Amino acid sequence: MKSRPAASVVLVLCCAQASFAAQPSGKTYNFPIYKNNPPGKQLTGAYAPADSPPLAPGETQKKFKVPKGFEVRLFASEPEVVNPVAMTWDERGRLWVLELYEYPKGVPKGQKGRDRIKILEDTDADGRADRVTVFADGFSLATGLALGNGGVYLGVAPDLLFLEDTNGDDKADKTTVLKTGFGMEDRHELLNGFAWGPDGWLYMTHGVFTHSKVRDPNDPDGFGVQVDAALARYHPRTKKFEVFADGTSNPWGVDWNERGDAFVSACVIHHLFHMAPGGQYNRQGGTWANPYGYVGDLPSKGLPAIVDWRHYRAAHSGICIYQGDQWPAECRGLAFLGNIHQSAINCDRLTPVGST
């Protein structure tokens, strides 16, 4: 009988409140190493933060509990990457990471932000990042990242930007504002979760208490497209921006199954929604942009989630519907969701029921 090699999970470790003065390893870096602001008022009781000091990356790696047959490998840790809020891989196997330092307040007016995009590369194929390049920096409250069409799409409210490296030195030297008008009211609900859909549109999720009227930057008087709790999308060729489906709460992430159905992870209310085009879904608050929908007649006030139970507490961030062939066959088609409160990755199995 042949043994099956361990299925790997690549791990990027960071500590949200860490600060760095000198590196014990003696390594030097060609980018500034920022210190986070000290923590503010903390919750108490069951929601109190851990009172133990952060562990070294190698020690943290040992404490992960994974299913039988899986292993966790450390790809990068501080200060190579700090406060990652979004990441993606390019065709060369490099990891692009968006670092978010300015959450939640943003930088004071007139000051330069510290949020930045890094490229992490494993040049010697040992499974660890050994080259770090800052592609672009100086942003405040940057929350969405995607690669495509020879550049980088960056969500940094109030703008959706397109960054280009025109001379091949892995440094952004051209910036175009594609859309503007994204709201900033609730700083953990800004435009986020960038993902390319099977239809060639760039999709993004957007929270319920942040109010956007997305418009062309050259049309300052335009009313724009109203967005709050929604799955929205942008077409890179036509420049059209629209709401794909309205509702949920604080969605952070979208992915598709092999049939092309879109699924969104959400917070506070139920955690998983199958989003059909034009659908008006259950909302944590507010009302739908379309006043003529029939949602008010439904017992659940909007199309419901596809779950009637909850994982641990309420905060979910990120979703991946696994369609690869590196993990065991029984993993194919499962929906993996990050659970912030549980410090875990949860897993849901999707079963077709009629049209949903």
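Begin with the aromatic rings of this predicted model, where the count comes to 13 aromatic pairs. Select F70 and W327, which form an edge-to-face pair with 5.0 Å from centre to centre and 85° between the planes. This pair links distant parts of the chain, since F70 sits in strand β2 (residues 70-76) while W327 belongs to the loop between β21 and β22, and the two are 257 residues apart. With the surface shown, compare the two partners: F70 has a relative accessibility of 16% and therefore counts as buried, the limit being under 20%, whereas W327, with a relative accessible area of 23%, is partly exposed.

Move next to W96 and F135, whose ring centres are 5.0 Å apart and whose planes stand at 65°, so that this pair too is edge-to-face. W96 lies in strand β4 (residues 95-99) and F135 in strand β6 (residues 131-139), so the pair ties together parts that are 39 residues apart in sequence. Both W96 and F135 are buried.

Return to F70 and W327 and add Y322 and F336 to the selection, as these four residues form one aromatic cluster.

From the rings, turn to the largest nonpolar core, a set of 23 residues in which Y203, L231, F244, V254, F273 and M275 touch the most other members. To see where its residues come from, colour β16 (241-248), β17 (254-256), β18 (262-265), β19, β21 (316-321) and β22 (334-339), each of which supplies at least two residues of this core. Centre the view on F244 and display its contacts: leaving aside residues up to four places away in sequence, F244 touches Y203, L231, A232, R233, A262, M275, A276, P277, G278 and G279. Apart from the largest nonpolar core lies another core, this one of 19 residues, and L191, M204, A230 and A232 are among them.

The last stop is the second largest pocket, which holds about 630 Å³ of space. Its lining is made up of 28 residues, and to find the centre of the pocket one can select F263, L350, T351, P352 and T356, which lie nearest to that centre. The elements that give two or more residues to this lining are β19 (272-275) and β23 (344-349). Colouring the lining of the second largest pocket by residue class shows 15 nonpolar, seven polar and six charged residues. Strand β19 is worth keeping highlighted while switching between the two views, given that β19 supplies at least two residues of the largest nonpolar core and also gives two or more to the lining of the second largest pocket.

How values were computed: Residues numbered from 1 in each chain as written. Predicted model: local features only at pLDDT ≥ 70, side-chain atom pairs only at ≥ 80, totals over all residues. Heavy atoms only, no water. 1 Å grid on protein atoms, 1.4 Å probe; cavity = no way out; pocket = protein on both sides within 12 Å on 5 of 7 lines; lining within 4 Å. Points joined across faces, edges and corners; volume = space filled by probe spheres on them. Helix = DSSP H or I, 4+ residues; strand = E, 2+ residues; numbered from the N terminus. Nonpolar A, V, L, I, M, F, W, Y, C, P; charged D, E, K, R; others polar. Core = buried A, V, L, I, M, F, W, Y, C linked by side-chain atoms within 4.5 Å. Buried < 20%, exposed > 50% of the residue type's maximum accessible area, 1.4 Å probe, protein only. Contact = heavy atoms within 4.5 Å. Phe/Tyr/Trp six-rings, centres within 6.5 Å; stacked < 30°, edge-to-face > 60°.
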